Amino acid sequence: MKKSDKFILKEVAGSYVLVTFGEKELTFNGIITLNDTAKYLWENIDGEFDSDSLTEMLCKAYEVDEPTARKSADKFIDILKEVGAVE
Amino acid sequence: MNVYDIAGLKVALDCQPRTMHQAEKYRVYDFDGEPDIIVNPTLEEIAPLGDQTWTPEQKAHIYEGKLFYQALISGFDGMMIHSSAVVVDDRAYLFSAVSGTGKSTHTGFWLEKFGDKAYILNDDKPAVRVVDDVVYAYGTPWSGKVDISVNKRVKVQGICFLERDSENWIKPMEPDAIVSNMYRASIRKMSPENVMKLMQIIDKIAAHVPIYRMGCTPTIEAADMAYKVMSEAEVK
(Lines give C-alpha, C1' and ligand atoms only; values in the text may rest on other atoms or scores of the structure.)
Protein backbone atom coordinates (compact mmCIF):
# COMPACT_ATOMS: atom_id res chain seq x y z
CA MET A 1 0.00 0.00 0.00
CA LYS A 2 1.00 3.62 -0.40
CA LYS A 3 0.13 6.88 1.31
CA SER A 4 -2.86 8.57 -0.28
CA ASP A 5 -1.77 11.79 -1.92
CA LYS A 6 -5.02 13.35 -0.77
CA PHE A 7 -3.85 13.64 2.83
CA ILE A 8 -1.29 16.03 4.20
CA LEU A 9 0.42 16.41 7.53
CA LYS A 10 -0.07 19.74 9.25
CA GLU A 11 1.15 21.10 12.53
CA VAL A 12 -1.77 22.68 14.38
CA ALA A 13 -1.77 24.07 17.90
CA GLY A 14 1.32 22.13 18.88
CA SER A 15 0.30 18.73 17.54
CA TYR A 16 0.34 16.94 14.21
CA VAL A 17 -2.78 16.14 12.24
CA LEU A 18 -3.53 14.49 8.96
CA VAL A 19 -5.99 16.55 6.96
CA THR A 20 -7.52 15.54 3.68
CA PHE A 21 -8.03 17.61 0.59
CA GLY A 22 -10.03 15.04 -1.30
CA GLU A 23 -12.87 16.15 -3.51
CA LYS A 24 -15.94 15.16 -1.57
CA GLU A 25 -17.37 16.60 1.57
CA LEU A 26 -15.84 14.68 4.40
CA THR A 27 -17.75 11.74 5.70
CA PHE A 28 -15.40 10.76 8.48
CA ASN A 29 -14.39 13.04 11.29
CA GLY A 30 -12.16 15.04 9.03
CA ILE A 31 -8.83 15.04 10.79
CA ILE A 32 -6.69 12.55 12.65
CA THR A 33 -4.28 13.57 15.36
CA LEU A 34 -0.99 11.72 15.13
CA ASN A 35 1.23 10.89 18.06
CA ASP A 36 5.01 11.13 17.69
CA THR A 37 5.40 7.59 16.39
CA ALA A 38 2.64 7.98 13.82
CA LYS A 39 4.07 11.30 12.70
CA TYR A 40 7.47 9.73 12.29
CA LEU A 41 6.05 6.90 10.21
CA TRP A 42 3.97 9.15 7.95
CA GLU A 43 6.92 11.46 7.28
CA ASN A 44 9.36 8.67 6.59
CA ILE A 45 7.26 6.36 4.47
CA ASP A 46 8.52 6.43 0.90
CA GLY A 47 6.43 4.65 -1.73
CA GLU A 48 5.14 1.14 -0.98
CA PHE A 49 4.99 0.01 2.62
CA ASP A 50 3.50 -2.75 4.73
CA SER A 51 3.51 -4.01 8.30
CA ASP A 52 7.02 -5.46 7.90
CA SER A 53 8.63 -2.34 6.51
CA LEU A 54 7.04 -0.08 9.12
CA THR A 55 8.06 -2.43 11.94
CA GLU A 56 11.62 -2.35 10.66
CA MET A 57 11.53 1.46 10.45
CA LEU A 58 10.42 1.72 14.06
CA CYS A 59 12.98 -0.77 15.34
CA LYS A 60 15.74 1.23 13.66
CA ALA A 61 14.54 4.62 14.87
CA TYR A 62 13.45 3.78 18.42
CA GLU A 63 14.82 1.51 21.09
CA VAL A 64 11.92 -0.89 20.95
CA ASP A 65 11.51 -4.65 20.53
CA GLU A 66 9.97 -6.14 17.43
CA PRO A 67 6.57 -7.16 18.88
CA THR A 68 6.00 -3.67 20.32
CA ALA A 69 7.06 -2.04 17.09
CA ARG A 70 4.73 -4.29 15.10
CA LYS A 71 1.79 -3.39 17.35
CA SER A 72 2.37 0.31 16.69
CA ALA A 73 2.88 -0.28 12.99
CA ASP A 74 -0.31 -2.32 12.65
CA LYS A 75 -2.36 0.15 14.65
CA PHE A 76 -1.07 2.95 12.43
CA ILE A 77 -2.03 1.01 9.30
CA ASP A 78 -5.52 0.32 10.68
CA ILE A 79 -6.12 4.01 11.36
CA LEU A 80 -4.98 4.99 7.90
CA LYS A 81 -7.20 2.36 6.31
CA GLU A 82 -10.18 3.48 8.37
CA VAL A 83 -10.03 7.00 7.00
CA GLY A 84 -8.90 6.11 3.50
CA ALA A 85 -5.42 7.56 3.80
CA VAL A 86 -3.88 4.59 1.98
CA GLU A 87 -4.24 3.43 -1.57
CA MET B 1 -32.39 41.73 1.82
CA ASN B 2 -32.09 43.04 5.36
CA VAL B 3 -28.54 43.56 6.61
CA TYR B 4 -27.25 42.69 10.08
CA ASP B 5 -24.09 43.38 12.04
CA ILE B 6 -22.94 39.95 13.25
CA ALA B 7 -19.43 39.06 14.46
CA GLY B 8 -18.14 42.39 13.18
CA LEU B 9 -19.35 41.74 9.65
CA LYS B 10 -22.21 42.95 7.50
CA VAL B 11 -24.46 39.94 6.90
CA ALA B 12 -27.45 39.89 4.56
CA LEU B 13 -30.11 37.44 5.72
CA ASP B 14 -33.11 36.09 3.91
CA CYS B 15 -33.99 33.18 6.16
CA GLN B 16 -36.88 31.43 7.83
CA PRO B 17 -38.85 33.24 10.57
CA ARG B 18 -37.00 31.93 13.60
CA THR B 19 -33.61 33.16 12.36
CA MET B 20 -35.07 36.47 11.24
CA HIS B 21 -36.68 36.97 14.64
CA GLN B 22 -33.48 36.07 16.52
CA ALA B 23 -31.51 38.39 14.27
CA GLU B 24 -33.59 41.48 14.99
CA LYS B 25 -31.24 42.88 17.63
CA TYR B 26 -28.42 42.66 15.07
CA ARG B 27 -30.20 44.64 12.40
CA VAL B 28 -28.56 47.68 10.80
CA TYR B 29 -30.61 50.16 8.82
CA ASP B 30 -28.17 52.62 7.33
CA PHE B 31 -25.88 50.33 5.37
CA ASP B 32 -25.60 50.78 1.64
CA GLY B 33 -22.60 48.78 0.52
CA GLU B 34 -21.92 45.13 -0.30
CA PRO B 35 -22.51 42.69 2.55
CA ASP B 36 -19.58 40.52 3.63
CA ILE B 37 -21.74 37.41 3.89
CA ILE B 38 -25.11 36.47 2.41
CA VAL B 39 -27.28 33.73 3.93
CA ASN B 40 -30.33 32.89 1.87
CA PRO B 41 -30.86 29.16 1.47
CA THR B 42 -33.88 27.82 -0.38
CA LEU B 43 -36.42 25.52 1.22
CA GLU B 44 -35.37 22.81 -1.23
CA GLU B 45 -31.83 22.97 0.15
CA ILE B 46 -33.00 22.74 3.75
CA ALA B 47 -35.64 20.02 3.47
CA PRO B 48 -33.52 16.85 3.24
CA LEU B 49 -31.01 17.87 5.89
CA GLY B 50 -30.36 17.12 9.49
CA ASP B 51 -32.08 14.90 11.98
CA GLN B 52 -35.56 13.88 10.87
CA THR B 53 -36.81 14.43 14.43
CA TRP B 54 -36.23 18.17 14.08
CA THR B 55 -39.07 20.41 13.06
CA PRO B 56 -38.66 22.19 9.71
CA GLU B 57 -38.21 25.39 11.69
CA GLN B 58 -35.33 23.94 13.72
CA LYS B 59 -33.67 22.48 10.65
CA ALA B 60 -33.81 25.80 8.84
CA HIS B 61 -32.43 27.75 11.79
CA ILE B 62 -29.54 25.36 12.28
CA TYR B 63 -28.69 25.13 8.59
CA GLU B 64 -28.77 28.91 8.19
CA GLY B 65 -26.35 29.12 11.13
CA LYS B 66 -24.11 26.52 9.55
CA LEU B 67 -23.92 28.59 6.36
CA PHE B 68 -22.97 31.67 8.36
CA TYR B 69 -20.26 29.91 10.38
CA GLN B 70 -18.84 28.24 7.28
CA ALA B 71 -18.52 31.67 5.70
CA LEU B 72 -16.62 32.83 8.80
CA ILE B 73 -14.19 29.95 8.39
CA SER B 74 -13.86 30.40 4.69
CA GLY B 75 -13.22 34.13 4.57
CA PHE B 76 -13.02 35.84 7.96
CA ASP B 77 -10.58 34.08 10.28
CA GLY B 78 -13.40 32.87 12.44
CA MET B 79 -15.20 29.79 13.58
CA MET B 80 -18.02 28.61 15.77
CA ILE B 81 -17.28 26.93 19.09
CA HIS B 82 -20.19 24.92 20.48
CA SER B 83 -20.09 26.35 23.98
CA SER B 84 -21.75 28.59 26.49
CA ALA B 85 -19.92 31.92 26.65
CA VAL B 86 -20.16 33.96 29.87
CA VAL B 87 -18.70 37.45 30.26
CA VAL B 88 -17.22 38.96 33.43
CA ASP B 89 -15.14 42.16 33.50
CA ASP B 90 -15.36 42.44 29.74
CA ARG B 91 -13.70 39.08 29.20
CA ALA B 92 -15.39 36.03 27.68
CA TYR B 93 -15.05 32.56 29.16
CA LEU B 94 -16.17 29.74 26.86
CA PHE B 95 -17.31 26.38 28.23
CA SER B 96 -17.60 23.67 25.65
CA ALA B 97 -18.99 20.16 25.88
CA VAL B 98 -21.25 17.75 24.06
CA SER B 99 -24.93 18.73 24.39
CA GLY B 100 -26.41 17.70 27.69
CA THR B 101 -23.15 17.65 29.66
CA GLY B 102 -23.88 20.85 31.55
CA LYS B 103 -22.31 23.90 29.89
CA SER B 104 -25.30 26.14 30.50
CA THR B 105 -25.70 24.75 34.01
CA HIS B 106 -22.11 25.74 34.72
CA THR B 107 -22.35 29.23 33.25
CA GLY B 108 -25.62 29.59 35.13
CA PHE B 109 -23.55 29.34 38.33
CA TRP B 110 -21.32 32.13 37.07
CA LEU B 111 -24.42 34.31 36.78
CA GLU B 112 -25.38 33.35 40.32
CA LYS B 113 -21.87 34.10 41.58
CA PHE B 114 -21.45 37.47 39.85
CA GLY B 115 -25.04 38.68 39.62
CA ASP B 116 -25.27 41.85 37.56
CA LYS B 117 -21.59 41.78 36.74
CA ALA B 118 -21.91 38.76 34.45
CA TYR B 119 -23.98 37.98 31.35
CA ILE B 120 -24.25 35.26 28.75
CA LEU B 121 -22.82 36.38 25.41
CA ASN B 122 -24.08 33.32 23.54
CA ASP B 123 -25.42 30.16 25.14
CA ASP B 124 -24.79 27.75 22.29
CA LYS B 125 -22.64 28.85 19.35
CA PRO B 126 -20.51 31.93 19.92
CA ALA B 127 -18.60 33.07 16.87
CA VAL B 128 -14.88 33.33 17.64
CA ARG B 129 -12.67 35.43 15.37
CA VAL B 130 -9.08 36.56 15.30
CA VAL B 131 -9.10 40.28 14.51
CA ASP B 132 -5.88 42.34 14.55
CA ASP B 133 -4.18 39.53 16.43
CA VAL B 134 -6.74 39.39 19.23
CA VAL B 135 -9.25 36.60 19.77
CA TYR B 136 -12.84 37.77 20.25
CA ALA B 137 -16.11 36.01 20.93
CA TYR B 138 -19.42 37.34 19.66
CA GLY B 139 -23.11 36.92 20.24
CA THR B 140 -24.99 35.77 17.15
CA PRO B 141 -28.61 34.99 16.29
CA TRP B 142 -27.72 31.30 16.67
CA SER B 143 -27.66 30.80 20.38
CA GLY B 144 -29.50 27.63 21.27
CA LYS B 145 -32.91 26.53 22.44
CA VAL B 146 -33.48 29.52 24.69
CA ASP B 147 -31.93 31.96 22.21
CA ILE B 148 -29.79 33.88 24.68
CA SER B 149 -27.29 36.21 23.08
CA VAL B 150 -25.97 39.73 23.30
CA ASN B 151 -24.78 41.63 20.25
CA LYS B 152 -21.30 42.38 21.51
CA ARG B 153 -17.68 41.58 20.86
CA VAL B 154 -15.65 40.47 23.89
CA LYS B 155 -12.02 39.43 24.16
CA VAL B 156 -11.68 35.72 25.01
CA GLN B 157 -9.93 35.00 28.30
CA GLY B 158 -10.09 31.19 28.05
CA ILE B 159 -11.72 28.18 26.45
CA CYS B 160 -12.55 25.25 28.70
CA PHE B 161 -13.76 21.77 27.74
CA LEU B 162 -15.84 20.41 30.52
CA GLU B 163 -16.95 16.97 31.61
CA ARG B 164 -18.97 15.82 34.57
CA ASP B 165 -17.10 14.50 37.56
CA SER B 166 -17.69 13.90 41.25
CA GLU B 167 -14.91 16.35 42.09
CA ASN B 168 -13.90 19.72 40.71
CA TRP B 169 -10.59 20.00 38.90
CA ILE B 170 -9.20 22.11 36.07
CA LYS B 171 -5.93 21.93 34.18
CA PRO B 172 -4.41 23.09 30.90
CA MET B 173 -5.41 20.78 28.08
CA GLU B 174 -2.70 18.45 26.78
CA PRO B 175 -1.36 19.94 23.53
CA ASP B 176 -2.13 16.88 21.45
CA ALA B 177 -5.80 16.97 22.49
CA ILE B 178 -6.40 20.62 21.60
CA VAL B 179 -7.00 20.23 17.88
CA SER B 180 -9.42 17.35 18.12
CA ASN B 181 -11.43 19.02 20.88
CA MET B 182 -11.63 22.34 19.04
CA TYR B 183 -12.50 20.56 15.81
CA ARG B 184 -15.22 18.50 17.44
CA ALA B 185 -16.74 21.66 18.91
CA SER B 186 -16.92 23.24 15.50
CA ILE B 187 -18.67 22.37 12.26
CA ARG B 188 -17.52 19.16 10.71
CA LYS B 189 -18.65 17.79 7.36
CA MET B 190 -17.27 20.72 5.42
CA SER B 191 -15.31 20.94 2.23
CA PRO B 192 -11.62 20.05 2.52
CA GLU B 193 -10.65 23.68 1.80
CA ASN B 194 -12.71 24.81 4.79
CA VAL B 195 -11.20 22.10 6.98
CA MET B 196 -7.73 23.34 6.05
CA LYS B 197 -8.72 26.93 6.85
CA LEU B 198 -10.24 25.79 10.12
CA MET B 199 -6.92 24.20 11.06
CA GLN B 200 -5.19 27.55 10.60
CA ILE B 201 -7.81 29.32 12.67
CA ILE B 202 -7.56 26.77 15.48
CA ASP B 203 -3.79 27.19 15.37
CA LYS B 204 -4.09 30.97 15.74
CA ILE B 205 -6.65 30.80 18.52
CA ALA B 206 -4.60 28.26 20.50
CA ALA B 207 -1.53 30.49 20.18
CA HIS B 208 -3.34 33.34 21.94
CA VAL B 209 -5.88 31.82 24.32
CA PRO B 210 -5.30 29.23 27.07
CA ILE B 211 -7.30 26.02 26.61
CA TYR B 212 -8.37 23.97 29.62
CA ARG B 213 -9.92 20.68 30.55
CA MET B 214 -12.25 20.65 33.54
CA GLY B 215 -14.13 18.04 35.51
CA CYS B 216 -16.90 19.53 37.56
CA THR B 217 -19.94 19.10 39.74
CA PRO B 218 -23.09 21.12 39.02
CA THR B 219 -22.34 23.55 41.83
CA ILE B 220 -21.24 27.12 42.37
CA GLU B 221 -17.90 25.82 43.70
CA ALA B 222 -17.07 24.67 40.19
CA ALA B 223 -17.66 28.19 38.93
CA ASP B 224 -15.51 29.62 41.76
CA MET B 225 -12.67 27.31 40.77
CA ALA B 226 -12.94 27.93 37.04
CA TYR B 227 -13.05 31.70 37.49
CA LYS B 228 -10.10 31.73 39.87
CA VAL B 229 -7.85 29.79 37.53
CA MET B 230 -8.97 31.19 34.19
CA SER B 231 -9.14 34.86 35.19
CA GLU B 232 -5.53 34.85 36.33
CA ALA B 233 -4.09 33.58 33.05
CA GLU B 234 -2.18 35.91 30.79
CA VAL B 235 -3.82 36.16 27.40
CA LYS B 236 -1.91 37.46 24.38
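Start by selecting Asp147(B), in the loop between β10 and β11 (153-164) of chain B. Helices here are DSSP runs of H or I with at least four residues, strands are runs of E with at least two, and both are numbered from the N terminus. Asp147(B) is not a glycine, yet it has a positive phi of about 55°. With a relative accessible area of 18%, Asp147(B) is buried. Buried means under 20% relative accessible area, exposed means over 50%, and partly exposed is in between, with a 1.4 Å probe and protein chains only.

A word on the ground rules before moving on. This is a predicted model, where local features need pLDDT of at least 70, side-chain atom pairs count only at pLDDT 80 or more, and totals for chains, interfaces and linings use all residues. Residues are numbered from 1 along each chain as its sequence is written, chains are lettered from A and ligands numbered from 1 in the order in which they are written, and side-chain values use heavy atoms, with hydrogens and water left out.

**Next stop: Asp132(B)**

Now pick Asp132(B), in the loop between β9 (127-131) and β10 (134-138) of chain B. Asp132(B) isn't a glycine, but it has a positive phi of about 50°. Is Asp132(B) buried or exposed? Show the surface and look: Asp132(B) is exposed, at a relative accessible area of 73%.

**Over to Asn40(B)**

Select Asn40(B), in the loop between β4 (37-39) and α2 (43-46) of chain B. Its relative accessibility is 39%, so Asn40(B) counts as partly exposed. Set aside its neighbours within four places in sequence, and Asn40(B) is in contact with Met1(B) and Asp14(B). Contact means heavy atoms within 4.5 Å. If you like drawing distances, join the C-alpha atoms of Asn40(B) and Phe68(B): they are 28 residues apart along the chain and separated by 9.9 Å.

**Inside chain B: helix α5**

Select residues 175-184 of chain B, which form helix α5. Seven of its ten residues are buried, so this helix is largely enclosed by the rest of the structure. To see which ones, colour Ala177(B), Ile178(B), Val179(B), Ser180(B), Asn181(B), Met182(B) and Tyr183(B), the buried residues in α5(B).

**Zoom out on chain B**

Show the whole chain as a cartoon and you can hunt for seven helices and 13 strands in chain B. The radius of gyration of chain B is 17 Å, close to the 18 Å that the globule rule gives for 236 residues, so chain B is as compact as a globular protein of that length. That radius is taken over C-alpha atoms, and the rule is 2.2 Å times the number of residues to the power 0.38. Turn the C-alpha trace around and you'll find that it spans about 50 × 35 × 35 Å along its principal axes.

How much of chain B counts as buried? The figure is 54% of its 236 residues. Take the contacts in chain B between residues at least 6 apart in sequence: 68% of them join residues at least 24 apart.

Next, colour by charge. Chain B has 26 positive and 33 negative side chains, and the centres of the two sets lie 3 Å apart. Lys and Arg count as positive and Asp and Glu as negative, while His and the chain ends are not counted. Each charge is placed at NZ of Lys, CZ of Arg, CG of Asp or CD of Glu.

**Across to chain A**

Hide chain B for a moment. Chain A has three helices and three strands, and along the sequence they run β-β-β-α-α-α. Buried residues make up 39% of its 87 residues.

Colour chain A by pLDDT, the predictor's confidence in each residue from 0 to 100. The mean for chain A is 87, and 89% of its residues reach 70 or more. Among its elements, strand β3 (residues 31-34) of chain A has the lowest mean pLDDT, 85, and helix α2 (residues 51-61) of chain A the highest, 95.

**Two last picks**

Go to Leu9(A), in strand β1 (residues 7-12) of chain A. Leu9(A) is partly exposed, at 22% relative accessible area. Not counting residues up to four places away in sequence, Leu9(A) touches several residues, including Leu18(A), Leu34(A) and Trp42(A).

Finish at Thr37(A), in helix α1 (residues 36-44) of chain A. Which residues does Thr37(A) touch, not counting residues up to four places away in sequence? Select Leu58(A), Tyr62(A) and Ser72(A) to see them. Thr37(A) and Ser72(A) are 35 residues apart in sequence and 7.9 Å apart in space, C-alpha to C-alpha.
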